[in-house]
Amino acid sequence: MRGMPLLEVQGLVKNFGGVAAVRGVDFAVAPGQIKAMIGPNGAGKTTIFNVISGVLPPTRGRILVDGEPLLGARPHEVAALGIARTFQLVRLFGEMTVRDNVLVGCHRAGRAGWAACALRTRAMRREERGLEERALQILERLGLSARADTPAATLPYGEQRLVEVGRALGMEPRLLLLDEPGAGLNREEQDRLGALIRRIRDRGTTILLVDHHMDFVMDISDEVLVLSSGEKLAEGRPHAVKTHPAVIAAYLGDEAA
Ligand SMILES: Nc1ncnc2c1ncn2[C@@H]1O[C@H](COP(=O)(O)OP(=O)(O)OP(=O)(O)O)[C@@H](O)[C@H]1O
Ligand SMILES: [Mg+2]
């Protein structure tokens, strides 16, 4: 890999009591990449996301962003470095409108400090209008403009997933972690999601995504990392990974289960 990786995971181990969820995983994500992490249930994918995003401390190993180790960084500190994520199970403010859910993400990227907020300075009001504008632009990119005033919980599931992506985009992240964004979507919705993920990358956000569906990730990823039982089975270009014997074995096993 040329140049400094945006994200590096080194020797990552995560144990939960007696469960070794991640058993020494190394990988890197280059700026501008779409990288996918795939693997059967319980492979450790979400655990890796939780460690990267500061939700869980690693048992061993470290995470580096721009070559700097994240030592004990809390989720808001990781977010401040430009790393945003979505969750495997949708977590929206269901009663709030779609627009307000996206605005929550935008606010985190806002520059006005708490003092300015308390005083409601003119700069802050201007910023607020700017954020509102940005939320609407994001909804447009997601094809959700018509839903702006709808309570998030009343949307079909596939659209709720998109609102989550929108909220993460509101933070203007450099790196976006997507945990199974395509889960529960039909083939057509997955295709649209794939195109959206590519557009997000083309606008400068690096992507690390988790998914179960080989076809979906093979389509959109520059590189694929395959995990099984907390270990890396293979990593590389989609085609090379797809034809790797260990990967075929793991996937046939999973499919048969
Ligand atoms: N908070 C936790 N406490 C205890 N065990 C956990 C916890 N989180 C995950 N595990 C265990 O760690 C292992 C890896 O789980 P993880 O959720 O990372 O897998 P995954 O690859 O995301 O799976 P899936 O495809 O089902 O989402 C599993 O055995 C799981 O039961
Ligand atoms: Mg998971």
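**Exercise 1. Sort the shell around ligand 1 by residue class.**

Solution. This is a predicted model. Start with the list: Phe16, Val19, Ala21, Gly39, Asn41, Gly42, Ala43, Gly44, Lys45, Thr46, Thr47 and Gln88 surround ligand 1. Next, assign classes. Gly counts as polar here. The tally is four nonpolar, seven polar and one charged residues.

**Exercise 2. Find which elements supply at least two residues of that shell, and which gives the largest share.**

Solution. Two elements pass the first test: strand 2 (19-29) and helix 1 (45-52). Helix 1 gives the largest share, three residues.

**Exercise 3. Check the length of helix 6 (residues 157-170) against its expected span.**

Solution. Count the residues: helix 6 has 14. Take 1.5 Å times one less than that number. The expected span is 20 Å. Now compare the end C-alpha atoms: they are 20 Å apart, so the two values agree.

**Exercise 4. Decide whether helix 6 is mostly covered or mostly open, and inspect what follows.**

Solution. A residue is buried if 20 or more other C-beta atoms lie within 10 Å of its own. In helix 6, 10 of the 14 residues are buried, so by this definition the helix is mostly covered. Arg161, Glu164 and Arg167 are among the buried residues. Just after the helix, Glu172 has a positive phi of about 50°.

**Exercise 5. Describe how domain 1 meets domain 2.**

Solution. Set the bounds first: domain 1 is 1-82 + 173-257, and domain 2 is 94-172. Their C-alpha centres are 26 Å apart. Nine residues of domain 1 contact 10 residues of domain 2. On the domain 1 side, helix 7 (residues 187-202) gives the most, with three residues. That side has seven nonpolar, one polar and one charged residues.

How values were computed. Residues numbered from 1 in each chain as written. Chains lettered and ligands numbered in written order. Predicted model: local features only at pLDDT ≥ 70, side-chain atom pairs only at ≥ 80, totals over all residues. Near = placed C-beta within 6 Å. Helix = DSSP H or I, 4+ residues; strand = E, 2+ residues; numbered from the N terminus. Buried ≥ 20, exposed ≤ 12 C-beta atoms within 10 Å, placed from the backbone. Domains from an automatic or database assignment. Contact = placed C-beta atoms within 7 Å.
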